[in-house]
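Visitor: Please take a close look at the interior of this protein, one part at a time. I would like the account in plain terms.

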Amino acid sequence: MPLNRRDFINRSAATGAGVALAGTAGAVAAAGPAQAAEADHGHRHPKTFSLRVLGTTDLHGHALNWDYFTNAEYDDATHNDVGLAKVATLVAQARAEKGHDRTLLIDAGDIIQGTQLSYYYARVEPITGARCGPRHPMALAMNHMKYDAAALGNHEFNYGIPLLRAFQDQCDFPLLAANAVDAKTLKPAFPPYLVKRICVEDGPDIKVGILGLTNPGIAIWDKANVQGKMAFPGLVEQAKIYVPKLRALGCDVVVCTDHSGLDGSTSYGDALPYPENASSLVAQQVPGIDAILVGHTHVERPQTLVTNTETGKTVVLSEPLMWGMRLSVFDIDLEFAHGRWQVTSVTAEVRNANTVDEDPVVAKLVRDEHDKVVTYVNQVIGTCAQAMSAKESTYKDAPIIDFINLVQADTVKAALAGTSYASLPVLSEASCFSRAAAIPAGQVSLRDVAGLYIYENTLDAKILTGAQIKDYLEWSARYYVQTAPDAPVDVTKLTNANNTPDYSYDILSGVSYEIDIAQPAGSRISKLTFGGAPIDPAAQFVLAVNNYRSSGGSNYPHVAAATSVWSSSDEIRNTIIAWVKAHGTIDPAAFGGDSWLLTRGGVPLFG
């Protein structure tokens, strides 16, 4: 039977087939066994060689240096630039320095989710595969840039496995995931690794093994899309299987591309037996790895050195900043001695995308797709009676978060009407996903509303008791730094205690409460009321909650095990957009009457 495009790429990767790198003069043929043997025999003295591995991670749908929520070129407080068109220029420079035929380009995952550009080609005009339909702009750009391989990230699964397979079909490079396996057979669901052969003039080829590892948290975060279909073992466990295989295939260099952070932490507690951020553990516990491209945590770590406990050798790890803001550059030196190539040195650095112009070819390649999405997001869908901003929403009760909760609660109430749960009061949780989110007074565009909800979360409804609601709020309140009643208040240092991200802090509607940040975490919630009276610990409530949190994301108590009474497959973002279209006007004056506030010793922190 003839192979389709995906099967050809996957089988080539999974079997460790040596693929010649394309040089400036075209494809360079890999040395055959006889030639390699002659080269080996003819070089009795050590010979050195150097190669380079370039890496990106967490591109999140950024093809161009553009912010679809502000309808302008991307900018931030430190003036970073984003997008593959910028990265392409850095890649071209790095290849020219080292040589195209001795440079590899890889990615550590989270490619197809994160901007309205990527959303459009997943939900509005979804890609369907390699042979027909629209082309995914990220595949267009990455194919042109000649990526060699990419690991899967957890957000690759946000739109379901069929959409991921369609993207896979459009890529000229394999999507790797040694720890994404078929739930029934436990066989790899994607190629675990790729072996690249680099030709060396008058010497034996160098084999570079690239092992891809994704995040075990997918089993929780995208449970609805993967349950019963795929399983996600630990990174260390699978690396211990595949690194020896790569060495047995004759790999002289082994590089991992991990969609997993460095510090060993986990946001899902003990819900899974495998840590979320395990790259340092992989380096420490799995012999035979030379370098690891790290992803997932959206931080910049130019070079981190970890000693392998079994061999004593140093493994070099690098994580470039997300969205194409940085490019990691690994330089690997080898020496030919005792009949084989051996790594003698590995160094890593990152390069900044804001130092270069966009590659005009890449920019032109995705321009039509970009323009189509710009038109889509700028359509007017309603009006707003007064401006709303998320700037202070992490420490003050803000109408913009109340609006999200209003839509979610209304949606759940409507869904439960006529059911046995219709009489239960509905509460709702929401987080500040972007402090830059804002809705202007007057005309409101789709991008204004979409900016409130940047993730592809869907809506669930779970039953919790009053006592469990208090526990839930106590967990959320850990987000604040404990601050004495007489200490000066700096709002820039008030939040994100213990590196808790904004998206892990939940604000509840339907109840009123105070958070006393002078108290230790776990004892901060007071004056928790429902309907003006102290909440009944035994009373039952329906909580409108996003699927990430509902499945155990951020390790909130009770909610993952709670009874589910309703769920939706539509993104919350779309639900909010549909609400605006249906109602026409957003009026903050009409939002609830419930409130929350920060206190110290019972005294309000702000006015």
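Guide: What follows covers a buried strand, then the nonpolar cores, and then a cavity. This is a predicted model, in which local features need pLDDT of at least 70 and side-chain atom pairs count only at pLDDT 80 or more, while totals for chains, interfaces and linings use all residues. Residues are numbered from 1 along each chain as its sequence is written, and side-chain values use heavy atoms, with hydrogens and water left out.

Strand 14 covers residues 253-258; strands (E, at least two residues) and helices (H or I, at least four) are DSSP runs numbered from the N terminus. Six of its six residues are buried, so strand 14 is largely enclosed by the rest of the structure. Buried here means under 20% relative accessible area, with exposed over 50% and partly exposed in between (1.4 Å probe, protein chains only). In a regular strand the side chains alternate between the two faces of the sheet. On one side of strand 14 lie V253, V255 and T257, and on the other V254, C256 and D258.

Strand 14 has parallel partners, where pairing requires that DSSP finds at least two bridges between two strands. Strand 12 (residues 206-213) pairs with strand 14 over six bridges in the parallel sense, and G212 stands opposite T257. Strand 15 (residues 291-294) is joined to strand 14 by four bridges, also parallel; there A291 is the bridge partner of V255.

Next come the cores. A nonpolar core is a set of buried Ala, Val, Leu, Ile, Met, Phe, Trp, Tyr and Cys residues joined through side-chain atoms within 4.5 Å. The largest has 128 residues, of which F157, F403, Y480, Y513 and I515 touch the most other members. Helix 13 (residues 399-416) gives the most to this core, with eight residues. A second, separate core of 26 residues includes I106, A108, V208 and V346.

Last is the cavity: on a 1 Å grid over the protein atoms alone, a set of points where a 1.4 Å probe fits but cannot get out. Searching the whole structure gives one cavity of 30 Å³ or more, the volume being the space filled by probe spheres set on the points, which are joined across faces, edges and corners. Its lining residues, those with an atom within 4 Å of a point, include I400, I401, I404, F433 and S434.

Terms used
On a 1 Å grid over the protein atoms alone, a cavity is a set of points where a 1.4 Å probe fits but cannot get out, and a pocket is an open set with protein on both sides within 12 Å along at least five of seven lines; lining residues have an atom within 4 Å of a point.
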